[in-house]
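Here are some notes on the model you sent, set out as numbered points. They deal in turn with enclosed space, an open pocket, the ligand site and charged pairs.

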Amino acid sequence: MDMAEAGTDGGRPLVAIMRALPEAGVELLEERCEVRSGHVGITREELTELVAGADAIVGDVGEKVDAELLDAAGDGLRVVSNFAVGYDNIDVAGCERRGIRVTNTPDVLTDATAELAVGLTYAAARLFHHAETDLREGRWTGWEPEGYVGLELSGATFGVVGLGRIGRRYAELIRPAAGRILYTSRSPKPDAESELGAEQTELDDLLTRSDFVSLHAPGGEETRDMIGRDELDAIGERGVLVNTSRGTLVDAAELASALEDRRLGAAGLDVYPNEPEVPTELLEAPRCVLLPHVGSATRTARDEMARLVARNVVAVLDGEEPPAPVV
Ligand code: GLV
């Protein structure tokens, strides 16, 4: 089918943006398609109406694209273009069964997300949240020999769980400070080994030997709660856990209790198991920096992501291979 034939009325194809997309992407879509946008905070009922008759849906990590929504879109749906690199919000198998393409936005957010992970590493290690909160709330009474003593990155061992694009970039950025870099990965990464001196190992060994552990594995059932009590204890009281991937990787209650009991040194988190809910125990946990899922939130990354979302949509509607296919 070409662009002229697509669409509910035989005219321009209809793209339903479930919530919002930066202008850089909307502009590209509007050159070729009719665009219908939802909004942040859209209800499920409104969404069902929004997607009805769409040729393409633009999803994001804040909304599930499940069987119900695919049904609501109807038979004309040809692509779900996710405004994210992760796609655990999408029923990918269901899309595949229905012959609907799924696309994502890799590469363009790698720097932004890895930079945030580095920032969280420093922030957690040096107790930024605790120290700043004390200062703002008038509890800082002056320099103290034992005040806000954190952990040093220089010479430390860093464990990168999942050496994909973002994990690899994190390792590169942290390399100048690191004494040693360990990684887990399904396949060996000879380039990272020769260029960064990184050493592949198993998760248990990585957790035991690392001072700083940064998670870069995808979400989904395979990785759910991969970091629980035993794993947190392996990182230990002088160790730091950073998570910028998906909240489902970490058992939040166990993390909070490890921090509370001083079995874990500190944590820096950007993601939570059931966003936008943030587990109360984490809000109350000490030595924990919490950010509201902002890994890719730089102007550069978000604009490039939006353009890639649009290029993915247009390619599929044109009957071409999209630049970033998932299935
Ligand atoms: C954000 O979390 C993404 O997957 O891009």
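1. The largest cavity in this predicted model has a volume of about 40 Å³, and the structure holds 1 cavity of 30 Å³ or more. As general background, rolling a probe the size of a water molecule over the atoms shows where empty space is left.

2. Which residues line the largest cavity? Its lining consists of N243, G247, V250, A252, L255, L269, V271, Y272, P273 and L282, and when these residues are divided by character, 8 are nonpolar and 2 are polar, with no charged residue in the lining. With the structure open, you can find the two polar members by name, because Gly is counted among the polar residues and Asn, being neither on the nonpolar nor on the charged list, falls there as well.

3. The second largest pocket, which should be kept apart from the cavity in any description, contains about 280 Å³ of space. It is lined by 15 residues, and those lying nearest its centre are V149, E237, R262, G265 and R287. The lining of this pocket divides into 8 nonpolar, 3 polar and 4 charged residues, whereas the lining of the largest cavity has no charged residue.

4. Turning to the ligand, the residues that surround it are V61, A84, V85, G86, L109, R246 and H293. This shell is made up of 4 nonpolar residues, 2 polar ones and 1 charged one; the charged member is R246, because Arg is counted as charged.

5. Where do oxygen atoms of the ligand come up against polar atoms of the protein backbone? An oxygen atom of the ligand is 2.8 Å from a polar backbone atom of V85, and a distance of 2.8 Å likewise separates an oxygen atom of the ligand from a polar backbone atom of G86. For R246 the partner belongs to the side chain, where an N or O atom is 2.8 Å from an oxygen atom of the ligand. Taken alone, the ligand exposes 190 Å², and the protein buries 87% of that area.

6. Finally, the structure holds 25 salt bridges, and one of them is formed by the side chains of D66 and R44, with 2.7 Å from N to O. This pair links distant parts of the chain, as D66 belongs to the loop between β3 (56-59) and α3 (67-73), while R44 lies in helix α2 (residues 44-51), 22 residues apart.

Methods. Residues numbered from 1 in each chain as written. Predicted model: local features only at pLDDT ≥ 70, side-chain atom pairs only at ≥ 80, totals over all residues. Heavy atoms only, no water. Near = heavy atom within 4 Å. Polar contact = N/O pair within 3.5 Å; in protein donor to acceptor, adjacent residues only side chain to side chain. Areas by Shrake-Rupley, 256 points an atom, 1.4 Å probe, with all protein chains shown as cover. 1 Å grid on protein atoms, 1.4 Å probe; cavity = no way out; pocket = protein on both sides within 12 Å on 5 of 7 lines; lining within 4 Å. Points joined across faces, edges and corners; volume = space filled by probe spheres on them. Salt bridge = Lys/Arg side-chain N within 4 Å of Asp/Glu carboxyl O. Helix = DSSP H or I, 4+ residues; strand = E, 2+ residues; numbered from the N terminus.
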